[in-house]
Amino acid sequence: MDKKQSDRLQDDTLAVVAGEDLHPLNSFQPPIFQTTNFRFATIDDMVEQAQGRRSQYLYTRNANPTLEVVEKKVAALEGGEAALVTGSGMAAIACSLLALLRSGDRVLAASSLYGGTLHLLNDILSRYGIAIDWFEITEPESLARGVRPATRVLLAETPTNPALRLLALEETARFARERGIQSVIDSTFASPFNQKPLELGWDVVVHSATKYLGGHSDVTAGVIISRRELIDQIAVFRRWLGGVLDPSAAYLLIRGAKTLTVRVERQNENTLRLARFLERHPNVEGVNYPFLESHPQYELARRQMRGGGGVLSFSVRGGWPATRTFFNNLKMIPISTSLGGVESLVTSPFWTSHYGMSEAELKNSGVTESLVRMSVGIESVEDLCADLDQALRASADSGEGTGA
Ligand SMILES: Cc1ncc(COP(=O)(O)O)c(C=O)c1O
């Protein structure tokens, strides 16, 4: 299916059919090409390949037909010309940035990025002569303050982890384009179902496909979507840095991505209902979710997102002692990291992603000891509410939630 054809189909259809017209031997499902290398019929073919007169599969680190199925599917879902799948979300971000930057360049980065991305910028890129300037996603004027003559890339995420703040996608992409800056957005928390940054003018979209695209917490992968020309540039970096995905993992990703839209629609619905339930709960102090009317950027959320996504965060009344009691009293919902899978789970950003950060950094990212981040799955929302409710009541009954 070419780009023109895929433009006419809905996401529900694309998730199922895009990329699936490639399979050899009339296979209904994509074969797993579990091979590192491919054969040449004659040495003359190999010579032609070397001279650029022939194009066949050569080595899986360069290209593999199973990986190409995922790439076509995700490119179609994001409305992009092409995509590249990588061994993790971090590999997708690293390949994209390294391909777009050179020593002496500067990145204008949102201060509320995933911890791994912050390490990449602060601890790794900085060693290769790439400097970082910061902006606040909810303060548009901080963008202009952060631009320097050497700024080449603007990097952000929306919604953010764990406060679920939003970046105005269309305005920010325009800001970058008008200044000749390449814009890169990590759209992991939204998934390609809820938000389409390329349509709003972004140059490159990256995802940790470990989350919604895979959807079953069983495959670590990343994906980069953009124009063909930029994807070709980034592909060189995937090849030489080596962050390719294994074909078996690519198969899991294909299988997961086929149900993306039904999963995420249900996650959107469950999460909004849970957010409303938590907002009314006496043992909860505040709830962050973009599709709650009380969210300070609710209008923006409705403008640029189809649904609010499957992650919310809230504060348990009564500080850490009550929050600890809450976590330890959950009966069904597990305590774990990550997000985007069919299973609900809860985590404490204070003790995981944001552990050891300074008070100012914690305040900036909206993290306290009482903050709970929940990734909402596809279970019955009544069962989820019941488990949260009994654990919240326990947090209050322990005497901690009342401040006693
Ligand atoms: C927003 C975001 N971007 C990138 C990553 C990194 O992805 P991966 O763990 O697949 O490398 C994560 C992981 O949690 C994430 O939440």
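**Notes on the sheet and the helices packed around it**

1. Let's start in the sheet, keeping in mind that this is a predicted model. Strand 5 (residues 182-186) and strand 6 run parallel, and 3 bridges join them. One pairing to look up on screen is I185, whose bridge partner in strand 6 is V205.

2. On to strand 7 (residues 222-226). This strand runs antiparallel to strand 6, with 4 bridges between the two. Here V206 is the residue to click on: it stands opposite I224 of strand 7.

3. How many of the residues of strand 6 (residues 204-208) are buried? The count is 5 of the 5, so the strand is largely enclosed by the rest of the structure. Both of its faces are covered. V204, V206 and S208 are buried on one side, while V205 and H207 are buried on the other. So that you can check this yourself: a residue is called buried when 20 or more other C-beta atoms lie within 10 Å of its own.

4. Now zoom out. The sheet is open and has 7 strands, in the order 1-7-6-5-4-2-3, with mixed pairing. Its edges are strand 1 (82-86) and strand 3 (131-135), each of which pairs on one side only. From one strand to the next, the twist averages 20°.

5. Further along the sheet, look at strand 2 (residues 106-110) and strand 4 (residues 151-157). They run parallel and are joined by 4 bridges. R106 is a handy marker, as it stands opposite T151 in strand 4.

6. Which strands does helix 4 (residues 65-78) lie across? The answer is strand 1, strand 6 and strand 7, and the helix runs at about 130° to strand 1. This puts helix 4 over strand 6, the strand with 5 of 5 residues buried.

7. Helix 4 also packs with helix 11, at an angle of about 30° and with the axes 8 Å apart. The two helices are therefore roughly parallel to each other, since angles under 35 degrees count that way. Their crossing is left-handed. From helix 4, the contact uses T66, L67, V69, V70, K73 and V74; from helix 11, it uses P247, A250, Y251, L253, I254 and A257. By type, these residues divide into 10 nonpolar, 1 polar and 1 charged.

8. Is helix 11 (residues 247-257) largely enclosed or open? With 8 of its 11 residues buried, it is largely enclosed by the rest of the structure. The buried ones are A249, A250, Y251, L252, L253, I254, G256 and A257. What do they pack against? Their partners are helix 2 (11-17), helix 4, strand 1 and helix 12 (260-279). Strand 1 comes up again here, having already appeared as an edge strand of the sheet.

9. Last, helix 12 has another partner to look at. Its axis and that of helix 16 (residues 381-397) come within 10 Å and cross at roughly 35°. The crossing of these two is right-handed. Helix 12 brings N270, R273, L274, F277 and L278 to the contact, and helix 16 brings V381, L384, C385 and L388. These residues divide into 7 nonpolar, 1 polar and 1 charged.

Notes:
Residues numbered from 1 in each chain as written. Predicted model: local features only at pLDDT ≥ 70, side-chain atom pairs only at ≥ 80, totals over all residues. Buried ≥ 20, exposed ≤ 12 C-beta atoms within 10 Å, placed from the backbone. Pairing = 2+ DSSP bridges. Axes fitted to C-alpha atoms, helices over the stretch in contact; angles between N-to-C directions. Contact = placed C-beta atoms within 7 Å. Left-handed = near helix turned anticlockwise from the far one by under 90°. Nonpolar A, V, L, I, M, F, W, Y, C, P; charged D, E, K, R; others polar. Parallel < 35°, antiparallel > 145°, perpendicular 65-115°, else oblique.
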